[in-house]
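Trainee: I would like to go through this structure and ask what lies behind each description of it.
Mentor: Then look at it first, and ask afterwards.

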Amino acid sequence: MEHFDDINNLKMLDFEDPQKWSEFVSTLYPFCKTSNRLLVNIKVQDINSNTIQNILSKKYNKNTVFEIRNCVYYADADHMASDQSIFNTCHLDNVIYFVYQLNKHGYFNIVLQDGMSINKVIDANQRLQEWADSINNATFCDKPLSPLEKYLLAYKYVTRFIYNDSDNKTASTRVSHILNNNGNYIICLGYAALLSELCKKVGIPCAIQYLDDSTTKIPRHANAMVYLKDEKYHINGAYISDPCFDSRQPTRNARHIHGMLKLNDAEKIYNNLNMSMVNPESTFNVLTVLPKYISDLEINLPKHEKEEVEDISIAKKDFYMLTNNSYDTLEVLMADMVANHLFHPELTPTEIGRLSKFEFTDDSGKVPY
């Protein structure tokens, strides 16, 4: 479809509070049979030129509300592993053009599925893409970053936000809300979603992993599972990543202690906290299909990185091997110094070395895992 850049004049609905959006939806047909205002659901995956023409040919009343839904199921219908407020670069262009075309024909009641305005969603998506572009375009010694270096840099972007809950759970868990609030509200699921979406935009398979309370089986926490294959640093594995645990705090900087945990080490940590991971094999299965998803739909990836993603091959049978593959901590520390050089260009080499050592050691000064 035609690319449309001028988003400043797009017109749409905006509900700051998802609860108010939910109340508004209940007044629309088909939820309210007596209403003369219709609700039309549009899946972002179905948006194309034909969709727009079909809508216009039906000549809906101008009061019609168009709700754009973004539900991405990678592996199975029970495991939704994508933040609904973030679009891949291919779908984002389609959404912008969709809103523009409907506006041009007098339809202004367009909104994302949780009530957020498409304009705010676009703004957050573009901000996340700016982070991704800075990582994708970064070089060290005149060479593009390796996968591990990219991941460590992405981890620093995410963990710089301080944990802060909100009465409105959507505000602290959905990436678009988090970015529109400049990270003022973010909790565990928000960190995991932000890391997962940023990683996909830099060519790294990463998916949200959920945890339950071991006693009550009630959902309690979220982290991520990331696949890293990097010949430069001799690493090949799927690791548990908990940016929430490593996030910056009011009294200390962010760390990387929980950024690349082998599954058995992660299970020990969470068991001690009375938490258990919900079917990590299902999350791993998501990783097996993400390379094709990234290659097909993240159209802003540089050519060499797109080729790297296309070469990734992860099989379900490799679950036990890849989730417990060891790596050399010193080599990861070297990669972290590259990431810190880019993230903190004002620091001297000595200061970068000290910072990386701090990030990988606990309060006793030891590498715990």
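The questions below go from the whole chain to its sheets, its cores and two single residues.

Trainee: What kind of model is this?
Mentor: It is a predicted model. Its secondary structure comes to 15 helices and 9 strands.

Trainee: What makes the chain as compact as a globular protein of that length?
Mentor: The radius of gyration is 21 Å, and the globule rule gives 21 Å for 369 residues; the two values are close, so the chain counts as compact in that sense. Along its principal axes, the C-alpha trace spans about 65 × 50 × 45 Å.

Trainee: How many of the residues count as buried?
Mentor: Of the 369 residues, 54% do. Buried means under 20% relative accessible area. The chain exposes about 16900 Å², and carbon and sulfur atoms supply 49% of that area.

Trainee: What share of the contacts joins residues 24 or more positions apart?
Mentor: Among contacts in the chain with a separation of 6 or more, such pairs account for 69%.

Trainee: Why are E1 and E3 said to stand at the edges of their sheet?
Mentor: The sheet is open and has 3 strands in the order E1-E2-E3, with parallel pairing. Strand E1 (39-43) and strand E3 (110-112) each have a single partner strand, so one side of each is left without a neighbour in the sheet. On average, neighbouring strands here are turned by 30 degrees against each other, direction ignored.

Trainee: How do you know that E1 and E2 pair?
Mentor: Two strands pair if there are at least two bridges between them. E1 and strand E2 (residues 65-69) have 5 bridges, in the parallel sense, so by that cut-off they pair. Ile42 stands opposite Ile68 in E2, and Lys43 stands opposite Arg69 in E2.

Trainee: What makes E2 mostly covered?
Mentor: Of its 5 residues, 4 are buried. Helix H1 (residues 18-25) packs on this sheet and touches E1, E2 and E3, its direction making about 130 degrees with that of E2.

Trainee: Which strands stand at the edges of the sheet with the order E8-E7-E6-E9?
Mentor: This is an open sheet of 4 strands with antiparallel pairing. E8 and strand E9 (275-277) are at its edges: each has a single partner strand, so one side of each lacks a neighbour in the sheet. The twist averages 30 degrees from one strand to the next.

Trainee: How do you know that E6 and E9 pair?
Mentor: The cut-off is at least two bridges. E6 and E9 run antiparallel and are joined by 3 bridges, so they pair. Asp212 has Ser276 in E9 as its bridge partner.

Trainee: Which helices lie on this sheet?
Mentor: H5 packs on the sheet, touching E7 and E8, with its direction at about 150 degrees to that of E7. Helix H11 (residues 280-297) lies across E6, E7, E8 and E9 and runs at about 170 degrees to E6.

Trainee: What makes a group of residues a nonpolar core?
Mentor: Its members are buried nonpolar residues joined through side-chain atoms within 4.5 Å. The largest such core has 48 residues, and among those with the most contacts inside it are Leu148, Tyr151 and Met260. Elements that each supply at least two of its residues include helix H4 (118-136), helix H5 (147-159) and strand E7 (219-230). Apart from it lies another core, of 27 residues, among them Val95, Tyr97, Ile118 and Ile122.

Trainee: Which residues does Tyr151 touch?
Mentor: Leaving out residues up to four places away in sequence, its contacts include Leu195, Cys199, Val226, His256 and Met260.

Trainee: Is Val72 buried or exposed?
Mentor: Val72 has a relative accessible area of 9%. The limit for buried is under 20%, so Val72 is called buried. Val72 lies in the loop between E2 and helix H3 (89-104).

Trainee: Why is Lys268 called exposed?
Mentor: Exposed means over 50% relative accessible area. Lys268 is at 54%, so it counts as exposed. Lys268 is found in helix H10 (residues 263-272). Lys268 and Trp21 are 247 residues apart in sequence and 41 Å apart in space, C-alpha to C-alpha.

How values were computed: Residues are numbered from 1 along each chain as its sequence is written. This is a predicted model: local features need pLDDT of at least 70, side-chain atom pairs count only at pLDDT 80 or more; totals for chains, interfaces and linings use all residues. Side-chain values use heavy atoms; hydrogens and water are left out. Axes are lines fitted to C-alpha atoms, for helices over the stretch in contact, and angles run from 0 to 180 degrees between N-to-C directions. Contact means heavy atoms within 4.5 Å. The radius of gyration is taken over C-alpha atoms; the globule rule is 2.2 Å times the number of residues to the power 0.38. Buried means under 20% relative accessible area, exposed over 50%, partly exposed in between (1.4 Å probe, protein chains only). Accessible areas come from the Shrake-Rupley method with a 1.4 Å probe; for residues, only the protein chains shown count as cover.
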